[in-house]
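Here are my comments on the model you sent, set out as numbered points. Please read them with the coordinates open beside you.

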Amino acid sequence: MIYKLRILAFILVLSAGVVPRAILAESRIALVVGNGSYSSVLPLDNPENDATLIAETLVDLGFAVTLLIDASQAELRQGISQFGSDLRKAGQAGTGLFYYAGHALQSFGNNYLLPVDASLTDAADLGLVAIEAESVLRQMYSAKNRTNIVILDACRNNPFKTIPEFSDNGLAEMKAPAGTFLAYATEPGGVALDGLGDNSPFTQVLAREMMTPGAPVEQVFKNVRVAVQALTNQQQTPWDTSSLISDFTFAVAEDLSSEDRAELQLWNADRSARDLAQVKLFLEAYPQSRYAPDGQKLLAALTEGTLSEFADTEQTTVGRAADPPVDERLSNVQSWMFQLQELDEDGAVEALAATAYDMFIIEAGYNFSDWSYNTPQIIDQLKEKPDGSPRVLIAYVDIGQAEDYRAYWQDDWVAPTKTSRGYPSFLITIDPDGWSGNFPVAYWEEDWQSLWLGSNGIIADLARYGFDGVLLDWVEAYDDDLVRKAAKEAGVSPELSMIAFIEKLGEAGKAVDPNFLVVAQNAIYLIDTDPDRYTSSIDALAVEDTWFHGWGDSDWDDPDGGDQQYRHDDEYSTNARFAQIALYQKVGLPVFSVDYALDKNNVSRVYSEASNHGFVSLVTRVALSKLTETPPPRLASD
């Protein structure tokens with residue numbers, strides 16, 4: 001028996017100064033159970049993974065979670081009893097959630113959850129060895145709290161096929177007191193799939209959909225139903241019933257105006273209804289809506305009878321991304337290296353050249369104000385791997401910040417401070433992460449863009465040198481508070497201005513090399529503004545700090561150069577990042593992750609989990625001044 005007390009984990013989160021926004025509204029209590037290692041019936045592979053995934057997701061959403069893995073009858077009874085006690089202490093405003101993954105079955109219209117030590121030869125003994133699911137509802141009823149949610153991913157098969165009385169498949173539909181939402185992995189009497197991956201299809205989708213900002217619980221499970229049907233080729237249809245008397249959302253909505261919120265709610269309702277007339281009315285009412293491209297696609301699908309081709313599994317928060325073409329050079333990359341500092345040190349380039357990494361992202365080094373690298377020579381040394389095969393070579397550029405050590409920095413320029421803008425006026429503030437000499441800019445201003453664009457701009461220079469493309473750093477400038485304030489004063493959208501700038505950068509590169517690549521780093525929420533347009537403007541996504549980060553300006557041997565986790569709150573928790581990054585993967589964009597860690601256990605964790613999520617990962621140190629000492633396992637073994 002493994003107890004994982006997520007209540008303790010949650011308290012540790014609070015002690016670090018991170019208060020999930022959702023917990024401020026009401027107490028959220030959850031009991032999550034995953035039973036798979038059965039002693040007397042067929043074991044199940046995924047319940048432990050499923051329960052762990054849901055528990056971690058709920059913690060990110062502000063729940064105090066108790067996670068039970070492979071619970072015996074006594075342990076499950078005790079867990080349910082304690083869950084009820086915790087709910088009663090939470091008061092009427094509290095929210096209770098019970099999740100169960102494992103074997104369950106119905107008998108005489110009642111549902112029973114199967115502990116891992118259950119052994120049964122006679123149907124009459126079922127109530128003596130199993131736990132009646134309604135016992136959870138009784139605990140909720142006694143607490144008199146306003147909102148309760150029960151989720152059963154427990155209809156996988158009949159574990160007692162040899163007992164004739166248990167011939168019914170799946171679970172029976174339960175009746176619940178007012179204020180309860182019941183969700184089943186499949187329809188009453190149906191059988192849910194355990195899945196071929198690490199998680200069941202139902203739980204895999206549920207963990208993602210719960211993170212959708214502002215989505216009502218009813219909409220979350222409607223999205224789950226659509227997605228699971230698509231994943232299982234219509235073999236499984238999740239089911240739910242509700243007697244809720246108050247509104248509930250798992251994730252807090254983004255700050256929208258009342259008009260924008262009404263537009264979003266109407267689009268989600270029309271999109272779910274799939275009604276031709278309603279979609280037409282929406283497009284007539286909101287012809288310039290950011291959801292209009294999705295609306296036009298849905299309208300065409302409804303008109304042409306090709307609705308199955310519009311099988312979108314996500315609730316819209318900002319539209320749906322189109323599938324851009326994927327460059328084979330990037331899709332074939334299995335390992336990569338990131339080095340920006342000290343490439344002019346003796347032997348540094350030679351050390352890189354001797355490795356088998358498929359892609360390098362490096363500082364071009366040709367436009368420092370006081371010195372420069374021998375950039376053509378570096379490119380010649382790095383463009384091929386030791387076996388003679390080509391290597392992708394990407395130049396690092398910071399498009400959202402001005403750097404006072406670049407040749408474009410003029411003598412009469414004045415650096416900004418925390419409280420005042422600099423000169424030229426596009427210099428807004430200092431770097432929030434502690435990098436000295438870096439200053440966020442008003443990237444929409446022509447004076448800034450002129451440094452980058454055109455035949456004599458930075459991008460054209462890099463393409464002529466022979467770089468395959470650029471990695472755009474500080475795309476997240478659009479989300480900086482002072483930058484947003486400046487954008488508002490200028491009357492421009494910070495998000496759309498950034499996307500437009502990236503489009504222009506790509507065009508500048510392609511004017512020299514038609515195959516020039518654009519890799520955007522971080523800013524994972526920018527896709528929410530205009531998915532089609534943004535994903536069409538980039539060839540891949542690079543992400544930092546998914547698991548661990550380091551503090552800016554740390555030296556290579558500084559312990560602060562890795563293993564930090566203080567940035568992982570709310571929408572930037574690791575699980576929230578997974579859900580957002582999946583939007584890019586869904587449209588086929590490769591994802592390159594870099595995390596900063598020194599501890600061997602952290603390094604091993606990153607490589608293992610990144611691989612599970614389909615990332616091409618690198619673990620190094622935030623200084624980015626040497627060849628990593630923690631290469632991916634594939635190269636370490638070589």
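1. Leucine 496 belongs to helix α17, and, since this is a predicted model, what follows here and below describes computed geometry. With a relative accessible area of 36%, leucine 496 counts as partly exposed, because that value falls between the 20% limit for buried and the 50% limit for exposed residues. Once its neighbours within four places in sequence are set aside, leucine 496 has contacts with Thr529 and Arg533. Its C-alpha atom is also separated by 7.9 Å from that of aspartate 530, although the two residues stand 34 residues apart along the chain.

2. Lysine 510 is another residue of helix α17, and with a relative accessible area of 37% this lysine is likewise classed as partly exposed. Leaving out residues up to four places away in sequence, lysine 510 touches Phe516 and Asp539. Where does the side chain of lysine 510 reach a backbone oxygen? The partner is phenylalanine 516, whose backbone oxygen lies at 3.0 Å from that side chain. Lysine 510 can also be related to isoleucine 459, which is 51 residues away in sequence but 9.4 Å away in space, taken from C-alpha to C-alpha.

3. Isoleucine 459 brings us to helix α15, which spans residues 458-465 and whose buried residues are Ile458, Ile459, Ala460, Leu462 and Ala463. The elements that cover these buried residues include β13 (392-398), β16 (469-473) and α17 (494-512), the last of these being the helix in which lysine 510 is found. Just after α15, glycine 466 adopts a positive phi of about 115°.

4. Two residues other than glycine also deserve a look for their backbone angles. Tryptophan 474, in the loop between β16 and α16 (481-490), has a positive phi of about 60° although it is not a glycine, and it is buried, with a relative accessible area of 6%. Lysine 144 has a phi near 60°, again a positive value in a residue other than glycine, and is placed in the loop between α5 (134-143) and β8 (147-153). Is lysine 144 buried, partly exposed or exposed? At 46% relative accessibility, lysine 144 counts as partly exposed, whereas tryptophan 474 is buried.

5. A cis peptide bond should be checked by eye as well: this bond joins tyrosine 423 and proline 424, with omega at about 0°. Proline 424 sits in the loop between β14 (401-403) and β15 (438-440).

6. Glutamine 564 lies in the loop between β18 (540-544) and α19 (574-586), yet is buried, with a relative accessible area of 11%. Which residues does glutamine 564 touch, not counting those up to four places away in sequence? They are Trp547, Phe548, His549, Gly550, Trp551 and Pro559. In addition, a polar atom of the glutamine 564 side chain lies 3.1 Å from the backbone oxygen of glycine 562.

7. For helix packing, consider α2 (residues 47-60) and α6 (residues 201-209), which pack at an angle of about 10° with their axes 10 Å apart. That angle makes α2 roughly parallel to α6, because angles under 35 degrees are counted in that class. On the side of α2 the contact involves Asp50, Leu53, Ile54 and Thr57, and these meet Thr203, Gln204, Leu206 and Ala207 in α6. The residues of this contact divide into four nonpolar, three polar and one charged.

8. Turning to the interior, the largest nonpolar core has 142 residues, and those with the most contacts inside it are Phe250 and Phe338. Apart from that core lies another, of 37 residues, with Tyr38, Leu87, Leu152 and Tyr184 among them.

9. Finally, for the protein taken as a whole, there are 21 helices and 20 strands, and buried residues make up 56% of its 638 residues. Of the contacts between residues at least 6 apart in sequence, 72% join residues at least 24 apart. The pair leucine 496 and aspartate 530, at 34 residues apart along the chain, and the pair lysine 510 and isoleucine 459, at 51 residues apart, can be inspected individually in the model.

Note on methods: Residues numbered from 1 in each chain as written. Predicted model: local features only at pLDDT ≥ 70, side-chain atom pairs only at ≥ 80, totals over all residues. Heavy atoms only, no water. Helix = DSSP H or I, 4+ residues; strand = E, 2+ residues; numbered from the N terminus. Buried < 20%, exposed > 50% of the residue type's maximum accessible area, 1.4 Å probe, protein only. Polar contact = N/O pair within 3.5 Å; in protein donor to acceptor, adjacent residues only side chain to side chain. Contact = heavy atoms within 4.5 Å. Core = buried A, V, L, I, M, F, W, Y, C linked by side-chain atoms within 4.5 Å. Axes fitted to C-alpha atoms, helices over the stretch in contact; angles between N-to-C directions. Parallel < 35°, antiparallel > 145°, perpendicular 65-115°, else oblique. Nonpolar A, V, L, I, M, F, W, Y, C, P; charged D, E, K, R; others polar.
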